[in-house]
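Here is a relaxed walk through one protein model, for someone meeting it for the first time. Have a look at the picture, then read on.

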Amino acid sequence: MSSIDALSPNVNKKDSIVVLSSTIKSLAHSMGFFACGIAKAAPVDEAVAQKYRKWLENGEEASMAYMTNYLEKRLDPRLLVPGVRSIVSLALNYAPAQQLPKGEYQIAAYALGLDYHDIMKQKMRELAIKITERWQLPKQEEGEELSVRCFCDTAPVLERYWAQKAGLGWVGRNHQLIIPHAGSMFFLGEIFLPFDVDVYDKPMSNRCGSCHRCIEACPTRAIIPDEDFHAERCLSYQLIENRGELTDEAKSHMGDTIYGCDRCQTACPWNRFATPNTEPALQPKPELLSMSKEKWHNLTIEEYQRLFKGSAVKRVKFEGLKRNITVKKK
Ligand code: SF4
Ligand code: SF4
């Protein structure tokens, strides 16, 4: 589990503090977050909990064993962070401003720049500090229990659920959070606060309607119309998480993509509204933009380390990326 230590408000004072959600949102927007919403911390809805448990019972997490860890904490954030009262959900746009050249190998849009975990952690830490300073909450003393916590992806938090609860968007049939008139290319993060805010957001209802374009676009039938998701069939899982050999299905459907898959996102009509991100850290390096198929096939470990220093692509490791590239050579 990863978290970001921030600051700890004085527990005795917290009931008398009136924290304005509108101010938190203004601060978030001023720091470049596209969207911010706040939900009351509570156990996740029973229907969602049951569905998640069933998904695990069916073994759909494949080799991602970490998804089975801390199940009760995942389903109740108050067990993860005792004393949490509010969950601030944040979205940072990563819709690419620059694409890898057409006809060359592709990597998923979220991984074109530096590792989003680091970018989100830094931004959320700054926002957490601003929140605690704005309401003059005392700084954490050494040894004191942390009570303002920031999470991005690696903790047992159902982040798309909380983003929907906080009114940012809805979880679409492609299992991504869709922000209306903005799309799904957003990094999500959460700040857990140990106090209430004056106004909580209302959950957003699903607006997929009769659209099934993501299901039609998925080449490996990973998205099932009854809303189940077969992670093992997903190219994102196969090309990144799977440490063994790729399935024949993955090999035959990966196309020119050697890391991840964006097809169920690019097929989504809401992504027509996406605007290119302006975050310097999310822009691809010139060396990455100049990669040709030939250069990929001859990639050395030294070049890999230079190309992906500080990048999320490091998750697949050199051997994993070479495995994906080698499939294309055959
Ligand atoms: S990422 Fe690709 S393989 Fe996975 S569900 Fe979406 S379209 Fe299907
Ligand atoms: S493609 Fe259609 S069904 Fe799929 S997430 Fe987008 S709006 Fe929903």
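Let's begin with ligand 1 and what sits around it. By class, the residues of its shell come to 8 nonpolar, 2 polar and 1 charged. By name, they are A217, C218, T220, A222, I223, C234, L235, S236, C261, R263 and C264. Two helices, α8 (235-241) and α10 (263-266), each bring at least two residues to this shell.

Ligand 2 has a shell of its own, made of 13 residues. Which of them are closest? They are G172, C208, C211, C214 and C268. Sorted by class, the shell around ligand 2 holds 8 nonpolar, 3 polar and 2 charged residues.

**The chain as a whole**

Before going further, keep in mind that this is a predicted model. The average pLDDT over the chain is 89, and 88% of the residues score at least 70. The stretch to watch is residues 1-12, where the pLDDT is below 50. That stretch still has 44 contacts in the model beyond near neighbours in sequence. Where pLDDT is low, though, predicted coordinates should not be read in detail.

The chain has 330 residues, and 40% of them count as buried. Its secondary structure comes to 14 helices and 9 strands. How much of the contact map joins residues 24 or more positions apart? Such pairs make up 80% of the contacts with a separation of 6 or more.

**Strands side by side**

A good place to look inside is β8 (186-193). Is this strand mostly covered or mostly open? It is mostly covered, with 8 of its 8 residues buried. In a regular strand, side chains alternate between the two faces of the sheet. On one side of β8 you find F186, L188, E190 and F192, and on the other F187, G189, I191 and L193, and all of these are buried.

β8 has pairing partners too. Strand β3 pairs with β8 in the antiparallel sense, and S89 stands opposite E190 there. Strand β5 is also antiparallel to β8, with R149 as the bridge partner of F192. β3 also runs antiparallel to β2, and in that pairing A39 has I87 as its bridge partner. Strand β2 (residues 35-40) is largely enclosed by the rest of the structure, because 5 of its 6 residues are buried.

Here are the three pairings together:

| Strands | Sense | Bridges |
|---|---|---|
| β3 (residues 86-93) and β8 | antiparallel | 8 bridges |
| β5 (residues 149-151) and β8 | antiparallel | 3 bridges |
| β2 and β3 | antiparallel | 6 bridges |

**The nonpolar core**

In soluble globular proteins, nonpolar side chains tend to be buried together. In this model the largest nonpolar core has 87 residues. Its biggest share, 7 residues, comes from α5. Which residues have the most contacts inside the core? They are A91, Y94, F186 and Y259.

Take A91 as an example. Setting aside neighbours within four places in sequence, A91 is in contact with F33, F34, A35, A163, L168, I179, F186 and L188. F186 and L188 belong to one covered side of β8, so you can trace some of these contacts back to a strand you have already met.

**Three residues in loops**

G113 lies in the loop between β4 (106-107) and α5 (116-134). Is G113 buried or exposed? It counts as buried because it has 24 C-beta neighbours inside 10 Å, and the cut-off for buried is 20 or more. Beyond neighbours within four places in sequence, its contacts are A281, L282, Q283 and P284. G113 and F308 are 195 residues apart in sequence, yet their C-alpha atoms are 8.8 Å apart in space.

Two histidines bring up backbone angles. Most residues other than glycine have a negative phi. H175, although not a glycine, has a positive phi of about 70°. H181 is not a glycine either, and its phi is positive at about 60°.

Both sit in loops. H175 is in the loop between β6 (170-171) and β7 (177-178), while H181 is in the loop between β7 and β8. How exposed are they? H175 has 17 C-beta neighbours inside 10 Å, so it counts as partly exposed. H181 has 10 other C-beta atoms within 10 Å, so it is exposed.

Methods:
Residues numbered from 1 in each chain as written. Chains lettered and ligands numbered in written order. Near = placed C-beta within 6 Å. Nonpolar A, V, L, I, M, F, W, Y, C, P; charged D, E, K, R; others polar. Helix = DSSP H or I, 4+ residues; strand = E, 2+ residues; numbered from the N terminus. Buried ≥ 20, exposed ≤ 12 C-beta atoms within 10 Å, placed from the backbone. Contact = placed C-beta atoms within 7 Å. pLDDT = per-residue confidence, 0-100. Core = buried A, V, L, I, M, F, W, Y, C linked by C-beta atoms within 7 Å. Pairing = 2+ DSSP bridges.
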